[in-house]
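Dear colleague,

Please find below the structure I am handing over to you. My findings follow it.

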Amino acid sequence: MKKDSGCDLKTCFMCQHSLSEWHPAIASNRKNFVVKKGELIFTEGEPVAGVYFVTSGNVKIHKKWGDKELILRFANDGAIFGHRGITTKFDVYPISATSLETTHFCVVDIEFFKTTLKVNHDFAHQMLMFYANELHSSEKKMRNLALMSVKSRLAVSLIELKEQFGLDKDGFLALELSRQDLAAYTGATYETVFRTMNELLAERLIKVNGKALGIVDEPGLVQLSKK
């Protein structure tokens with residue numbers, strides 16, 4: 001992890017929802033870094049160092065799940081991560097964060113983050129909404145892991161990735177994601193996801209081109225995701 005030159009004070013979640021008069025305080029209290037693809041930013045169980053905001057790039061948020069890895073979500077341009085450290089109950093991160101591509105981000109310490117919440121009411125409101133949405137997504141993911149087949153969960157994962165990252169002009173996900181990470185996001189083994197992808201290919205719901213993964217029949221995936 002290397003120090004970075006900075007950001008534009010416009011891109012990240014905190015800057016977008018803070019008063020412009022507060023931006024000089026953010027500039028004085030943030031630290032900017034850049035990490036390479038595959039670099040670990042912090043590890044589950046590591047002491048909390050601060051709250052992170054992506055300037056550009058993509059980060060997978062993951063945790064241990066038995067003897068496997070479970071990807072909870074992806075944090076791309078502007079997103080916040082490491083925010084669970086703001087509570088007094090935890091002094092270590094309950095999750096890990098790893099870059100999926102060259103990623104620029106900034107970090108602020110917990111006390112400054114809390115002060116920013118107190119000073120900027122819109123930012124505090126947006127954080128409340130973010131926590132509510134994240135809780136809903138986590139509950140939905142746990143329910144899906146318990147009740148859905150791998151095929152349905154894979155359909156859900158593909159739809160979610162399409163909604164977050166979009167498709168390129170050829171209908172492929174605008175995201176470079178390994179099959180191992182797709183399996184970890186789906187909550188299944190690599191072998192099971194590989195077999196299930198072949199079923200989706202045979203049913204002409206998806207397409208592949210090397211590592212690129214595309215959607216052919218989105219309504220079909222949506223229907224499958226509801227089973």
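Contact here means heavy atoms within 4.5 Å. Please bear in mind throughout that the model is predicted.

On that basis, Phe113, Thr116, Leu117, Lys118 and Val119 of helix α3 meet His121, Phe123, Ala124 and Met127 of helix α4. By class, this contact of α3 with α4 comprises 6 nonpolar, 2 polar and 1 charged residues. Helix α3 spans residues 110-119 and helix α4 residues 121-147; their axes are 5 Å apart and the packing angle is about 110 degrees. Angles of 65 to 115 degrees count as roughly perpendicular, and α3 and α4 are therefore roughly perpendicular to each other.

A second helix pair is formed by α6 (residues 179-186) and α7 (residues 190-202), whose axes come within 9 Å and cross at roughly 95 degrees. This crossing makes α6 roughly perpendicular to α7. From α6, the contact involves Arg179, Gln180, Leu182, Ala183 and Thr186, while α7 contributes Tyr190, Val193 and Met197. The residues of the contact of α6 with α7 divide into 5 nonpolar, 2 polar and 1 charged.

Helix α5 deserves a separate paragraph. It covers residues 150-165, 16 residues in total, and reaches 22 Å from its first C-alpha to its last, close to the 22 Å expected at 1.5 Å a residue. Its buried residues are Lys151, Ser152, Arg153, Leu154, Ala155, Val156, Ser157, Leu158, Ile159, Leu161 and Phe165. After α5 comes glycine 166, which has a positive phi near 80 degrees.

I turn next to the charged pairs. How many salt bridges does the structure hold? There are 10 salt bridges in the structure, including the following.

- Glutamate 176 pairs with lysine 37 in a salt bridge, with the closest N and O atoms 2.7 Å apart. This pair links distant parts of the chain, 139 residues apart: glutamate 176 lies in the loop between α5 and α6, and lysine 37 in the loop between β2 (31-35) and β3 (40-42). Lysine 37 has a relative accessible area of 51% and is exposed, because the exposed class begins over 50%.

- Glutamate 203 forms a salt bridge with lysine 151, where the closest N and O atoms are 2.5 Å apart. Here too distant parts of the chain are linked, 52 residues apart: glutamate 203 sits in the loop between α7 and β10 (206-209), and lysine 151 in helix α5. Lysine 151 is among the buried residues of α5, whereas glutamate 203 is partly exposed, at a relative accessible area of 40%.

- Glutamate 218 and lysine 162 meet through their side chains in a salt bridge of 3.4 Å, N to O. Glutamate 218 belongs to helix α8 (residues 218-225) and lysine 162 to helix α5, so that this pair links distant parts of the chain, 56 residues apart. Both count as partly exposed: glutamate 218 at 27% relative accessibility and lysine 162 at 24%. In addition, salt bridges that share partners join Lys60, Glu69 and Asp181 into one network.

Finally, I would draw your attention to one backbone feature. Most residues other than glycine have a negative phi. Arginine 204, although not a glycine, has a positive phi of about 60 degrees. Arginine 204 is located in the loop between α7 and β10, and is exposed, with a relative accessible area of 66%.

With kind regards

Terms used: Residues are numbered from 1 along each chain as its sequence is written. This is a predicted model: local features need pLDDT of at least 70, side-chain atom pairs count only at pLDDT 80 or more; totals for chains, interfaces and linings use all residues. Side-chain values use heavy atoms; hydrogens and water are left out. Axes are lines fitted to C-alpha atoms, for helices over the stretch in contact, and angles run from 0 to 180 degrees between N-to-C directions. Helices (H or I, at least four residues) and strands (E, at least two) are DSSP runs, numbered from the N terminus. Angles under 35 degrees count as roughly parallel, over 145 as roughly antiparallel, 65 to 115 as roughly perpendicular and the rest as oblique. Ala, Val, Leu, Ile, Met, Phe, Trp, Tyr, Cys and Pro count as nonpolar, Asp, Glu, Lys and Arg as charged, and the others, Gly among them, as polar. The expected span of a helix is 1.5 Å times one less than its number of residues. Buried means under 20% relative accessible area, exposed over 50%, partly exposed in between (1.4 Å probe, protein chains only). A salt bridge is a side-chain nitrogen of Lys or Arg within 4 Å of a carboxyl oxygen of Asp or Glu.
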